[in-house]
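Grab your viewer and work through these exercises on strands, helices, charge pairs and backbone oddities. Try each task before you read its solution.

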Amino acid sequence: MADGLTAADRQELKKALQEVLDHPSMSAARVGIVVHSLADGKPLFAENGDELLNPASNMKLVTAAATLARLGPDYRFSTEFLTDSEVGADGRVKVLYVRGKGDPTLTSERLFLISTQLFHAGVRQVDQIVVDDSWFGDGPYPPGYEQDTGDYAYLAPTGALSLNWNTVAVYLRPGSAPGASAIAEVEPKSEYVVTEGSLRTGKRRQHRWRVKSEPLSNGRQKLLLSGTVGRSDVVRRRVGHPELYFGHTLAEFLRDRGVKVRKSAVKRGTVPDSAKILHVAWSDTFDIVLKVMNKYSQNFVAEQLLKTLGAEIKGAPGTTAKGVEVVEEFLAREVGIPRGTYVMRNGSGLNDTNRMSASQLTRILVHMQKQFTMASEFVSSVPIAGKDGTLRNRFSGSVAESTLRAKTGTLENVSALAGYVEAQSGRRYAFTFLVNDFDWRRGGRRAVVGGMDALGVTVAASGGTANSQKAVARNVSPEAQSINRLKTYLALGHQRDARNVPFLRTALRSETDPAVRAILAEALYQSTPEETDLAHAFLESYSADPAVFGRLVKVAQGEAIPIPGLQSVMELAARGSEDALRLLLSLAQVRDADMGGEFSQGLADVSRTAPEELLSALAPLSTAERSNVTRMLARGLGTHNPTHPLWATLERSAAGTDKKRASLARATESALATHLVGMQALSTQQTANRETESRAETRPGG
């Protein structure tokens, strides 16, 4: 055969792929699978390849292919700065016009550089800034966006004039002392954003804030601030009027450069034909922009590209409908996919609006890799398995790592993966895996994503050695998949980014592994710590049960990492949460729990910030349980420090009128003192032993 595979090789690979598809989690769903050989141009394997399914963010591959084909990899976006007349001798500009052409990559850094270039062009005073976003039409939100609500950054609107992906950042940090006002700094600063409300400073582990964005009737944006800030953080919210956001930020940057700009100088308008070009800002080439979109599945960039495609090919104003029309013409004329055989409503794949088959998506992949002038740009734009983008935490340690490149897609009850893979045999394949309507009661997203990864690894391992086949088995095993998912959600939680919340909520609905569910709940809490309900949900899902904490301890030991989720329990306990304290003390009873002294240090932190609550939580414990906790606590404290808040609490409670609490305080104080004395004696003995050994080594023959 043309691709070098024997009939036996093909049959063995098909059998392995079918075994994955026969798993209940996959067989109960609607599945479209195609694996296509790039050597002989023929399908190697297909399952419901022609069924129309929701491709989710795999739709970005379609947008990318059409835009590359029509605009070329060297296409650059432009933003024009014009004047109504020549810049006067005094540097005065009566009207500075700004006309956007859809650049999705303009950031504060680039805009400040532009303001510097305008300054060096002689501009010293601007009476008015007119922002022209007429290059785009039909509103800021494409079809499908109305199915979601909120002010999250991933729902940012389109705009011919756009800045910072049409989001604004708020940087938070504590004030001088607990109880003082916390600091909230808007970036970029301008007249466009006004803040309302206040934030207070909490202790290090008190971090419960909220930032809500609301549009104002005058076209500006209001940010409502509330809650407590215990550490530095940043949150991003979408803006309502991108062109005004751009204009007001430009005005502020010009002022920073020493240009006089009248207050409230920004307004909407169109550039007159008589206006003269003062400066043109160009974006990076399209191949760079494409990586931003596909590596990180950027919805905003995809929708900007689709409208730009419409404007450039069909004429301004660019609309989503015009962009879709250009894509349909490309697919029909060059790829051979007739109009009407699929449904395309937007360019990002957001929500339930698009339908394509696995065969159609694979056909696009095959077509693009044949185009010499575009293939390298197209293939390099998608994530690399185990290395970057949305595949950074998938396929790690498998034979597919680095050899598989693919675009992911994730929606509620939708998971997709499409791209290219080089097998161990050296043969290359294009593939598309689409799974819709999977049954969460049979493993849900966890099993589906694991199944798709297993399909990818199976193809990557084809033609390899026996060892590579063992690698496939390890990757496909349920335990390996659970650990991979757990590590993925841990990484997302550590980002503390509210933009991850929709994905995490969707994942939580279908996750059945109790240990992974606990870490998913933690990631949600970490992403929006101001939501107290999420903190409660996390504490409810995290338990001392062997299926949860026992497994997490084993994972920590096997991966040489801190016990997943424990730090968040300790943070909440240190804030005085009764539920967190009860949970923490129950976890402390698990054998081998205090690996690396994590509990000891955590209990010491709690005793410093919430000593009263800690003493109360000790009351219902048995004598043995209480002894175990005080032993760990003594280890964390290290020494008896009379100024430590815990000792003051114990002394005050021991002298109080509540007899039970007084007795508990005295017993706790005595137990801590005993443990501390024992630790000191052990330390002294160990020091003496080391000195004896040292003297022995220095004697002749020692």
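Two strands count as paired if DSSP finds at least two bridges between them. Keep in mind that this is a predicted model.

**Exercise 1. Take strand E12: how does E12 pair with E6, and which of its residues are on the covered face?**

Step 1. Check the pairing. E6 and E12 run antiparallel and share six bridges, so the pair passes the cut-off of at least two.

Step 2. Find a register point. Opposite Arg237 of E12 you'll find Val168.

Step 3. Split the faces. Side chains in a regular strand alternate between the two faces of the sheet. In E12, Asp233, Val235 and Arg237 make up the covered face, while Val234, Arg236 and Arg238 sit on the uncovered one.

Step 4. Follow Arg237 a bit further. Its side chain forms a salt bridge with that of Asp151, at 3.5 Å from N to O. Asp151 belongs to the loop between strand E5 (125-132) and strand E6 (167-173), and Arg237 to strand E12 (residues 233-238), so this contact ties together parts 86 residues apart in sequence. Both Asp151 and Arg237 are buried.

**Exercise 2. Find the salt bridge partner of Arg30, then work out which parts the pair ties together.**

Step 1. Recall the chemistry. Oppositely charged side chains can pair when their charged atoms come close.

Step 2. Apply the cut-off. The N-to-O distance between the side chains of Arg30 and Glu51 is 3.0 Å, and the rule asks for within 4 Å.

Step 3. Place the two ends. Arg30 is in strand E1 (residues 30-37) and Glu51 is in the loop between strand E2 (43-47) and helix H3 (59-71), so parts 21 residues apart in sequence are tied together.

Step 4. Check the exposure. Arg30 has a relative accessible area of 33%, so it's partly exposed; Glu51, at 27%, is partly exposed as well.

Step 5. Try another pair. Lys387 and Glu401 form a salt bridge at 3.3 Å, N to O. Each of them lies in the loop between helix H10 (375-380) and strand E16 (404-411), so the tie covers 14 residues in sequence. Lys387 is partly exposed at 44%, and Glu401 is partly exposed at 24%.

Step 6. Zoom out. The rule gives 36 salt bridges. Glu191, Arg220, Glu252, Arg255 and Lys263 are linked in a network of them.

**Exercise 3. Does the end-to-end distance of helix H4 agree or disagree with its expected span, and what do its buried residues pack against?**

Step 1. Do the span. H4 (residues 108-120) has 13 residues, so at 1.5 Å a residue it should span 18 Å; the end C-alpha atoms are 19 Å apart, which agrees.

Step 2. List the buried residues. They are Ser108, Leu111, Ile114, Ser115, Thr116, Leu118 and Phe119. An α-helix has 3.6 residues a turn, so residues three or four places apart point the same way.

Step 3. See what they touch. The buried residues of H4 pack against strand E3 (78-83), strand E4 (92-100), E7, helix H5 (242-256) and strand E15 (276-282).

Step 4. Look just past the end. Right after H4, Gly122 has a positive phi of about 105°.

**Exercise 4. Give the strand order of the five-strand open sheet and say which strands are at its edges.**

Step 1. Trace the order. The sheet reads E2-E1-E18-E17-E16, with antiparallel pairing.

Step 2. Pick out the edges. E2 and E16 each pair on one side only, which makes them the edge strands. From one strand to the next, the twist averages 5°.

Step 3. Look at one pair. Strand E17 (residues 414-422) and strand E18 (residues 428-436) run antiparallel and are joined by nine bridges. Val414 has Asn436 in E18 as its bridge partner.

Step 4. Add the helix. Helix H1 (residues 7-21) packs on the sheet and touches E1 and E2; the directions of H1 and E2 make an angle of about 25°.

**Exercise 5. Which residues are joined by cis peptide bonds, and which non-glycine residues have positive phi?**

Step 1. Scan omega. A value of about 0° marks the cis bond between Glu187 and Pro188, and omega is also about 0° for the cis bond between Ala316 and Pro317.

Step 2. Place the prolines. Pro188 is in the loop between strand E7 (183-187) and strand E8 (193-197). Pro317 is in the loop between helix H7 (299-314) and helix H8 (320-335).

Step 3. Scan phi. Ala56, in the loop between E2 and H3, has phi near 50°. Asp138, in the loop between E5 and E6, has phi near 65°.

Step 4. Compare exposure. Ala56 is buried at 1%, whereas Asp138 is partly exposed at 46%.

Definitions and conventions. Residues numbered from 1 in each chain as written. Predicted model: local features only at pLDDT ≥ 70, side-chain atom pairs only at ≥ 80, totals over all residues. Heavy atoms only, no water. Helix = DSSP H or I, 4+ residues; strand = E, 2+ residues; numbered from the N terminus. Buried < 20%, exposed > 50% of the residue type's maximum accessible area, 1.4 Å probe, protein only. Expected span 1.5 Å × (residues − 1). Contact = heavy atoms within 4.5 Å. Axes fitted to C-alpha atoms, helices over the stretch in contact; angles between N-to-C directions.
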